[in-house]
Amino acid sequence: MNNNDINNNNNNNNDNNNNKFNNLKDYYDVLIVGCGPNGALLANFLGEMGIKTLIVECAQSFTQVPRAAHLDDEGLRILKRIGLEEEILKQSFQLDVKFNKSFCSGNLTSIKPEITELNFPRSIFWFQPKFEESIRNGFLERYSNCVDLITHCKVISIEKEKSKLINEEEEEEENSIKSNLINIENLKTGEILKLKSKMIIGADGGNSFIRKSMGSKMEGSSSKQRWLVVDAKIDNDHPPLPHYFQFICNPTRPALTLPIPPNHYRWEFLLNENEKSEEMEKSEILNPLLQSHGADITKLEIIRKACYTFQNRIADNWYDGDSTILIGDACHLVPPFLGMGISSGFRDVQNIAWKIDLFLKGVISNHQTLFSSYQIERQPNIENITEKATHAGEMIMITNRYKAFIRNLLFSTLLSFPAIEKLFHNKAGMKPPNLIKHGLIDSTSSLSIQFQNHNQIQQHQQSNSFKNIIGQSIPQPFIKLKNKQFKQQQVDQKTEILLDEVLGNGFSCLFFNFNKKDINNEINKLVSKITSNQVFKILKTNFIQVIGNNRKYSSKLFTNSNSNSNSNSSTSTSTIFDDSKETLFKFIFNCNSNNQSLQPTIVIIRPDKFIFGVYQNSNLKSSKIISSITSILNINYNYGINYDNIHFTNNTGSASESENSFNSHVHSGNSLGDSDFDNGDDENNSDILDEFN
C-alpha cells in the first residue's frame, strides 16, 4: 500500500467518524485511550475475547511516516496469538545486523536473522504506517461487533463512581469495583459525549493524559546525545544501498542505516555538541552527509528529517489501584539501541490482556492483586532492557578515538572465540531475557522432598532446576499431534504444527512422563481429578500429554476425563509428540525423554505462555496444584456461573444490561460446588470443595 492509499483510508475513517461518535454505546467494558500499535494490539486481544471496547484516538489521521521499524521473535509470537503474524511477515525485511567501523566496511561482527526457539525470525523490519494499519484492520474487520474506534476525539475528564452491588450487600473497600464516568470531546465539532467504562487503558504515548490523570510520574532522564534522523523514499533507479542494518561505529560520526520496506531508507547520525539541530537539517549540510553514506540526492525523496534525544524513563505507577492501567510508552520509554520499544509494549499487552479477561468475567475475587502483578512482572524486564540498551549505546557510539580503538581490539579478540561470539549474539547478550521472578507464578512448586537415596537425590536436583524455568516463556517447537481431530478439523498425524496451536488462548496443563506403567491406577486417578476440576474449566484449560519424539505412549491417559468430543466443553485434551530435537523435554528437564530418572511431571502454562508452575514428586498432588492456582490467582469462590455461558457482546442488549451482566458475574452467590456446574456427580462436587480446603 502506498501513501495515497493510506491517505484515502484516513479520509474514509474521518468521514465516518462523526456518525460513529453519535452512535456509540453508553457503556463499555474497556476504554483504550490511544490507537498506536499497542492500543490497536490490545483491541485485537479484547475483541477476540468478546469484550466491549472503545478506542479513542486524538489524532485526525494515522501516522504516514515511519518511526519505529523493528520487532523481535516474541513480538511475532504475540501477533500469531491474534492471527496477524503472516501478514506482518509478508510486509517485512529480515536483515543481518552488522557492526562496522565505517559505512559498509571494517566489519567487527554480524548477527544473522536466524529462526529462534520460538520458530520465528529473531528480528524483522517494517514500514510503520502499513504495520499499524494491519493491526488496526485486525480488529476493525474481525471484531466490529464489540470494538469501536473513534478518531479526532479526546478524553477530557474521568471521574470514579463506585458500582452498586446487585444484592446491595456491603463489600470491603479494597475489593470494590468502580465504574469510570468519561467525558469525550469531538475535536471537530466540539460535542461532548458522556459514557461509562469499567476499565481504562492508557496507550496514549510518552505525553500520556491518562498517566497524568493517575498522578503517576515518569522517573529517569533524557540522553545528552542528539540524533539526526532522515527517512527517504528511494527511486527505482537509485544505486543499490546496503540491504542490512548497520551500526557505524566511527568515532568521528557514529551512525546507523537500514532499509525499510518496501522502498524506503533511513539514516541516523549522532550530532556533535557544537552542531545546532536546525543547521544540520539544512540541505547544504545534510546532503553531503547523506552522500557520504550511499545516498544519491537526485534519486530519493526525503519524507522526514528531525533531531531528537532518546528518553530513559519509567513511570512510578502503571496501575492506579482501581481500574486504570498504562501500557507501552505511556509507562516506559527505553533507549533505541536494542530496538525493543515496540516489542516491550507488545509484551505489556500480552501480560495484561488475559488478566483483564479474568477480571471482567468475574473469575478473580481481588482485582487489585491481579492488576498489581502487571507492573511487578513487567518492570524488571523494562529495567533490564533499559540498562542493556544504554550499555550497548555507550559501546557502539563511542566518540573518543582511543576508546574506539580499544573497543575494536576487544571486539576482534574476544569475538574470535566462537563461544564468546555465540554468547554476544544470543538473547543473553544483545537481547535481555524476558523473565518473571515475582508475580502470578508458583515458585514453591519447585521445592522438593528430603532425599534418602541416590534416586531421590537426582529427583531433588531436577526439581531445583525447575526454579530456573518457572516464570520463563515456554519455547515453541513444531510438534506432531497424535489426535486425528484437532479444533474440529481432521489433522494428518504426520503434520507438524506450532505448539501454541495446541496450547490455545487460555491456561494449559502439560503432562510429561505419564506414559509409564500405572500399577495402582494412581496416575489415572490424579489425571481424572485434575481434568474434571472446575477451576481448570473456569480457566478454559487445555490438557496436553507430551511424548518424546517417536516414543511409546499410553493412549488411556485421558480416557476417563473430559474429551474433545464435547464441543461445548471449555477444556480439551490432546497428545503431542515433541520435535526431533526434543525441545520441550530439554527445556523442562535438561535431558532427552529416554532418561530413566524422569518422573511424572505437570507443567502449568499461563495464557501468555509463561510457566506458572512445575509439579513433581511430593508436589504432584491435585490438592497442591489446584490450591496454588486458586490462591495465587485469587479465584472467586463465589463464581457460580458456567464460564461458557458468559457473554459480553450481545449487541441487541442495552449498555445497562451489559453492565448488570458484568455485576451479576462478579457477585453471584453460588459456590464452586453448587449444582450450576451440573457435574452430575455429588462425589466430584465434594472433592472439588475438598481441593479448595
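## Reading a seven-strand sheet and its surroundings

Mentor: In this predicted model, seven strands make up an open sheet whose order is β23-β20-β26-β25-β24-β27-β28, with mixed pairing.

Trainee: Which are the edge strands of this sheet?

Mentor: An edge strand pairs on one side only, and here that description applies to β23 (496-498) and β28 (611-616). Neighbouring strands in this sheet are, on average and with direction ignored, turned by 35 degrees against each other.

Trainee: How should I read the mixed pairing around β24, and in which sense does β24 run with β25 and with β27?

Mentor: Take the two neighbours in turn. With strand β25 (residues 542-547), β24 runs parallel and is joined by five bridges, and within that pairing Leu510 has Ile544 as its bridge partner. With strand β27 (residues 601-605), β24 runs antiparallel, again joined by five bridges, and there Phe512 stands opposite Thr601. One step further along, β25 pairs with strand β26 (residues 572-577) in the parallel sense over six bridges, where the partner of Ile544 is Ser574.

Trainee: Are the two faces of β24 covered or open?

Mentor: The general idea is that side chains in a regular strand alternate between the two faces of the sheet. In strand β24 (residues 508-512), five of the five residues are buried; Ser508, Leu510 and Phe512 lie on one side, while Cys509 and Phe511 lie on the other. Both faces of β24 are therefore covered, taking buried to mean under 20% relative accessible area.

Trainee: Which helices lie across these strands?

Mentor: Helix α15 (residues 522-532) lies across β24, β25 and β27, and runs at about 170 degrees to β24. Helix α18 (residues 622-633) lies across β27 and β28, running at about 155 degrees to β28.

Trainee: Turning to the interior, which residues of the largest nonpolar core touch the most other members?

Mentor: That core has 133 residues, and the two that touch the most other members are Leu79 and Ile602. The element that gives the most to this core is helix α9 (residues 341-360), with 10 residues. There is also a second, separate core of 28 residues, which includes Val502, Cys591, Val603 and Ile605.

Trainee: What is Leu79 in contact with?

Mentor: Once its neighbours within four places in sequence are set aside, the contacts of Leu79 include Leu41, Leu71, Phe131, Ile135 and Phe346, and Glu85 is also among them.

Trainee: How do I read a hairpin, and which strands form one with five residues between them?

Mentor: Look at the pairing and then at the turn. Strand β9 (residues 178-186) and strand β10 (residues 192-202) run antiparallel and are joined by six bridges, with Leu181 standing opposite Lys196. These two strands form a hairpin with five residues between them, and in the turn Gly190 has a positive phi of about 80 degrees.

Trainee: Asn180 has its place in strand β9; why does Asn180 count as buried?

Mentor: Asn180 counts as buried because its relative accessibility is 0%. Its side chain has polar partners nonetheless: a polar atom of that side chain lies 3.1 Å from the backbone oxygen of Lys198, and the side chain also makes a polar contact with the side chain of Ser323 (3.0 Å).

Trainee: How does the chain read as a whole?

Mentor: The chain comes to 20 helices and 28 strands, and 55% of its 693 residues count as buried. Among contacts with a separation of 6 or more, 75% are between residues 24 or more positions apart.

Technical notes:
Residues are numbered from 1 along each chain as its sequence is written. This is a predicted model: local features need pLDDT of at least 70, side-chain atom pairs count only at pLDDT 80 or more; totals for chains, interfaces and linings use all residues. Side-chain values use heavy atoms; hydrogens and water are left out. Buried means under 20% relative accessible area, exposed over 50%, partly exposed in between (1.4 Å probe, protein chains only). Helices (H or I, at least four residues) and strands (E, at least two) are DSSP runs, numbered from the N terminus. Two strands pair if DSSP finds at least two bridges between them. Contact means heavy atoms within 4.5 Å. A nonpolar core is a set of buried Ala, Val, Leu, Ile, Met, Phe, Trp, Tyr and Cys residues joined through side-chain atoms within 4.5 Å. A polar contact is a pair of N or O atoms within 3.5 Å; within protein, one must be able to donate a hydrogen and the other to accept it, and residues adjacent in sequence count only if both atoms are side-chain atoms. Axes are lines fitted to C-alpha atoms, for helices over the stretch in contact, and angles run from 0 to 180 degrees between N-to-C directions.
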